[in-house]
Amino acid sequence: MVKRSPLVGRAAERAGLLDALARCRAGEGGLVLVSGDAGSGKSRLVAEALADWNGAVLYGAAAPGAGAYAPLGDALRGAPGDARGAAGDLSGAAADVPGGPAADPSAPLDTVARTLRDLARRRPAVVVLEDLHWAGAAAVELLPALAAALADEPLLLLGTYRGEELSRGHPVRHLRTALRRTGRLVEFALPPLTAEETGELLTGLLGKPPSPTLVSAVHRRAEGLPFYVEELTAALRETGGLRDTGERLDLAGDSELPVPESVLDAVLVRTAGLRERHGEAVELAAVLGVRVDLPTLAELVAPPDVDRLLDSGLLTESHRDPGTAEFRHALVRDALYRSVPWGRRRRHHQVLAECLAARGAPPEAVAEHWIAAHEPGRARPLLLAAAERHCAVHAYRDAAALVRRALGVWPEDADPAGRLAALEHLADCAELCGERESAVAVWADVARLRQSTGDLAAAGTAYRRLANSAGLLGDWPRSADARESAADAYAAAGVRGEAAVERLALADQLKSAAWHSKALDQAVAAAEDAEAAARTDLRARALALQGSLLSALGDGPRGVEVARSGLALALAGEPPEATGEAYYELGEALAYAADYGAAADAIDSALELCRAHGVTELAQVCFTCVSPVVRLMGDWDRSLAICGEVLGDDATPQVLRMVAEEESGLITVLRGDRRRARAPLRRSAAFGRSHEIFGMEVGATWGLAMVADLDDDEATARRTVSAMLERCLLKEEWHYSLPGLRWAATYLAERRDGEGLAQCHRCSRPPRRATARPRSWRPSPTRAASWPSPTVTRRGRPATSAGRWTSCTTSARRSSGRSASCAGASRWRAAATGRARSPR
């Protein structure tokens, strides 16, 4: 008789696990991974390490077709009764998470962390999560945050997985990367046994030393995997393939042929008698999967057959989940499944699918059997239903995978409307789980298909979602193109209000990128669409935006006039957000017209209005962008104080943090402190460039040029000035860039760089578009007075003769209440929240 196998070749790994358990007992939790090929002894190693553990142990195992949060849900079902009640069943439907489908996405993490924390504070605990290679993304992605949340608790998460089962994008790979990045990756990878270790294992199994021939044959066939060694040894013993030579055991006969060719052969040899007497029960159990639902099996075969599978040891009933049994090893199930002829296997899957559906099994479990039965038409609705269930518990990545599987078995000519709806669901899931490239690609397909069917309103919505996804991905040109397509589609469908929404959003994008003429065209068209739709709120916004753009294009008086008309329209009874934005745009128009005091008043009015009516996001923008206004008025200390408050608030959106970093970095270098200015200016310059927020980009680039000059780094300074000039030549903006251009002109003149000076002159010319002004237009005396004083030194420090006014005009790039970078803040605030002028 073959004995229970000893643990061989795992001394170092066992010692590592025992050390982790000792730390857990002392109050230091964490996550430990055990990896290895199938049959390498992962479960056995964990069992041996936990043999003397006197704390709580929870077990969970993932399986194909399991619920969203398996194996965490399985583990929590093994917790004490009150803990189970708190956690719910995380592996099933919407009721899995307290609060149901509308619960916050962080609910699963909070629920599991709270439950396990309560458990660990009663006694040290270990949560064993087996077969993570079969787990869904929702469960795996929860583990790093869960380990961090419980790091100071006496609770250890212990996960096992097969390394060879991981695809390139498998969630476990991302898990390991996330843990490695934070220095929390603790993993024990089990290598194959050496020939000597295989001999030691054989000795323990057989009770007598094996011959070198037997060791060599088994080691070669088993490839150093302990489970294979066990199965091959048992098969040899049961078939008389061994002979006792007195001191050793050797192969019977003169050749190695008695050794089974593979573990499949070994399993078939060992189960030959059982399969002959209870063949249908064995086959149905193998087709059911690694975890066998015993009541389902008992419906299809005689109960004594089920008992025989359990008595033989082929199946082991789970003490954690009554009514469920498991094969003694997943490889045993795999071998038996592969031995079932294809025709019978298909029929078994059909029978099991119908039986499981009648018993109310989860749709993903039923769908797996219909797919294996080659009936995709019956699997598709179940996969989509499973995706809905996963979405209800915020498992969006797993939901996306389920929809992809449904689409993968969905012929293009079958139910095209349903297929298109599934594509939209996939795009939704991809957005929600952060798969932005996928979301962009799928929304592009949806928009094309909607347009081809003539459903222009739906096409407009798809283009809108494409624009939002491309914007979040940082693909500004594609976002702008999609936004314009959305507006055109809505307008063609007669949905003029939505067309106005999209044109306003596009105008914001173009304005942020310093394409003011194109932005003005969109704002004018938005006003027309809004008027046609009787949307006074949108018309007020469009007029206010037109005003700031007219002012940016050089017609300050008319720009202020138009912006005021938009504000008046908003004040006549429109929502607070529309009124706040109208105040905001008026502030910009005034700033472009060089009336900085009035601009500050308008921004303050917008801020007060937003705070009074709970328009939080716009209020954040207003508060942040007060900073450049007060700096232009000479109060640099107050500007820095505002920036400090913005940066000190963890809830501040990234774009506003970048505005504050650019503003504070610019003031810091203007005061001569290049060391503290360098990092924030680099970050904000890169952000402005990648997000097409030109005001932020040009201001931060100017600051970096001053940093290099103060460092006496001539090469970097020249390179940075050249890059700034090249970008300015591409843009339709000459007001915010003037301080940097003024400094660059001084810098280049000192070096007698005539070509560079000419380039500065070309960059600083007024825009060519003469909208609403005569060709002979020239800057007004007020505007000219606001330009940087010639007495500013190239080092960025004001000359003493210029006084306080010069110190603020050196920063005239930030001359609007919001400034160009803050204009971008409005757009990206909206994109990040999905609320903007272009709703999802």
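This report describes the overall build, the cysteines and one internal cavity of a predicted model.

## Overall build

The chain has 840 residues, of which 55% count as buried, and its secondary structure comprises 42 helices and ten strands. Among the contacts with a separation of 6 or more, 68% are made by residues 24 or more positions apart. The exposed surface of the chain comes to about 33,600 Å², and carbon and sulfur atoms supply 51% of this area.

## Cysteines

The count of disulfides is zero. C391 and C429 illustrate the point: the sulfur of C391 has its closest cysteine sulfur in C429, at 3.6 Å, and because a disulfide requires the two sulfur atoms to be within 2.5 Å, this distance is too far for a bond. C429 is likewise in no disulfide, the nearest cysteine sulfur being that of C391.

Both residues are buried, C391 with a relative accessibility of 14% and C429 with a relative accessible area of 1%.

## The second largest cavity

Four cavities of 30 Å³ or more are present in the structure, and the second largest of them has a volume of about 110 Å³. Its lining is made up of Y59, G60, A61, D74, R77, G78, R291, S318, R320, D321 and E326. Two elements, β2 (56-61) and α3 (72-77), each give two or more residues to this lining, with β2 providing the largest share, three residues.

Sorted by class, the residues that line the second largest cavity are six charged, three polar and two nonpolar.

Conventions: Residues are numbered from 1 along each chain as its sequence is written. This is a predicted model: local features need pLDDT of at least 70, side-chain atom pairs count only at pLDDT 80 or more; totals for chains, interfaces and linings use all residues. Side-chain values use heavy atoms; hydrogens and water are left out. Helices (H or I, at least four residues) and strands (E, at least two) are DSSP runs, numbered from the N terminus. Buried means under 20% relative accessible area, exposed over 50%, partly exposed in between (1.4 Å probe, protein chains only). Contact means heavy atoms within 4.5 Å. Accessible areas come from the Shrake-Rupley method with a 1.4 Å probe; for residues, only the protein chains shown count as cover. On a 1 Å grid over the protein atoms alone, a cavity is a set of points where a 1.4 Å probe fits but cannot get out, and a pocket is an open set with protein on both sides within 12 Å along at least five of seven lines; lining residues have an atom within 4 Å of a point. Grid points are joined across faces, edges and corners, and a volume is the space filled by probe spheres set on the points. Ala, Val, Leu, Ile, Met, Phe, Trp, Tyr, Cys and Pro count as nonpolar, Asp, Glu, Lys and Arg as charged, and the others, Gly among them, as polar.
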